[in-house]
Amino acid sequence: MNKTTLLTIFISVAISMPSAWAASSEVEWKDYKSYRDIHEGNENRSRFRERTFKQLEDHFAELASQLPKEQVLKIIVTDVDLAGDTMAGGINRMRIVKHNYPPRMNFSYQLLDANGKELKADTVKVRDMNFMSSSNLKYRNKALGYEKKMLDDWFAETFQAELAAVSK
């Protein structure tokens with residue numbers, strides 16, 4: 001292997017590894033069969049759900065990585081309503097995104113320190129009624145972009161003090 005290939009492999013591995021300096025997250029999907037809207041359209045239901053949950057878990061992990069090291073953000077999701085709605089379109093079902101179908105998510109969270117002591121906790125219902133009006137260039141053309149932006153806003157507001165402490 002040449003040096004360029006080895007360097008590319010090293011950088012790819014380093015980027016994909018969780019940071020030892022960052023907090024981590026744990027997500028539990030409680031009673032997911034009763035969620036308001038996690039419908040897949042034409043895709044296989046379980047495959048869509050697993051992919052959606054994985055993308056949201058990865059996003060929670062990305063958010064948690066901004067918190068002080070050795071902390072753990074635990075999330076228990078109790079309801080999900082994705083932006084848009086699945087509608088029948090002849091033989092095909094597809095997700096139609098309109099202003100009157102905002103993304104919503106209900107969950108409880110705990111922020112724990114390295115010793116497992118609870119630093120912060122709450123049960124929240126997040127919803128972005130203006131999801132189509134805001135400038136969302138960060139997640140433009142990305143899966144679950146509206147939901148990720150909604151979670152970004154919740155996270156920035158909820159953990160404002162913790163994020164300020166990290167940036168000092």
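This report describes the confidence, the largest pocket and one helix pair of a predicted model.

## Confidence along the chain

The protein chain averages a pLDDT of 82, and 77% of the residues score at least 70. Confidence varies between the elements of the chain: strand β5 (residues 104–112) has the highest mean pLDDT, at 97, whereas helix α1 (residues 3–16) has the lowest, at 43.

Over residues 4–21 the pLDDT stays under 50, and for this stretch the model has four contacts beyond four places in sequence. Where pLDDT is low, the predicted coordinates should not be read in detail.

## The largest pocket

Rolling a probe the size of a water molecule over the atoms shows where empty space is left. In this model, the largest pocket holds about 390 Å³ of space, and its lining is made up of 21 residues, among which K142, L144, G145, Y146 and E147 lie nearest the centre of the pocket.

Helices α2 (45–64) and α3 (145–158) each supply at least two residues of this lining, and the largest share, four residues, comes from α2. By residue class, the lining of the largest pocket divides into ten nonpolar, six polar and five charged residues.

## The pairing of α3 with α4

Two packed helices are described by the angle between their axes and the distance between the axes. The axes of α3 and helix α4 (residues 160–167) come within 5 Å of each other and cross at roughly 75°. Because angles of 65 to 115 degrees count as roughly perpendicular, that crossing makes α3 roughly perpendicular to α4.

On the α3 side, the contact is formed by F155, A156, E157 and T158, which meet Q160, E162 and L163 in α4. The residues of this contact between α3 and α4 divide into three nonpolar, two polar and two charged. Helix α3 thus appears in two parts of this description, as a contributor to the lining of the largest pocket and as the partner of α4.

Notes. Residues numbered from 1 in each chain as written. Predicted model: local features only at pLDDT ≥ 70, side-chain atom pairs only at ≥ 80, totals over all residues. Heavy atoms only, no water. 1 Å grid on protein atoms, 1.4 Å probe; cavity = no way out; pocket = protein on both sides within 12 Å on 5 of 7 lines; lining within 4 Å. Points joined across faces, edges and corners; volume = space filled by probe spheres on them. Nonpolar A, V, L, I, M, F, W, Y, C, P; charged D, E, K, R; others polar. Axes fitted to C-alpha atoms, helices over the stretch in contact; angles between N-to-C directions. Parallel < 35°, antiparallel > 145°, perpendicular 65-115°, else oblique. Contact = heavy atoms within 4.5 Å. pLDDT = per-residue confidence, 0-100.
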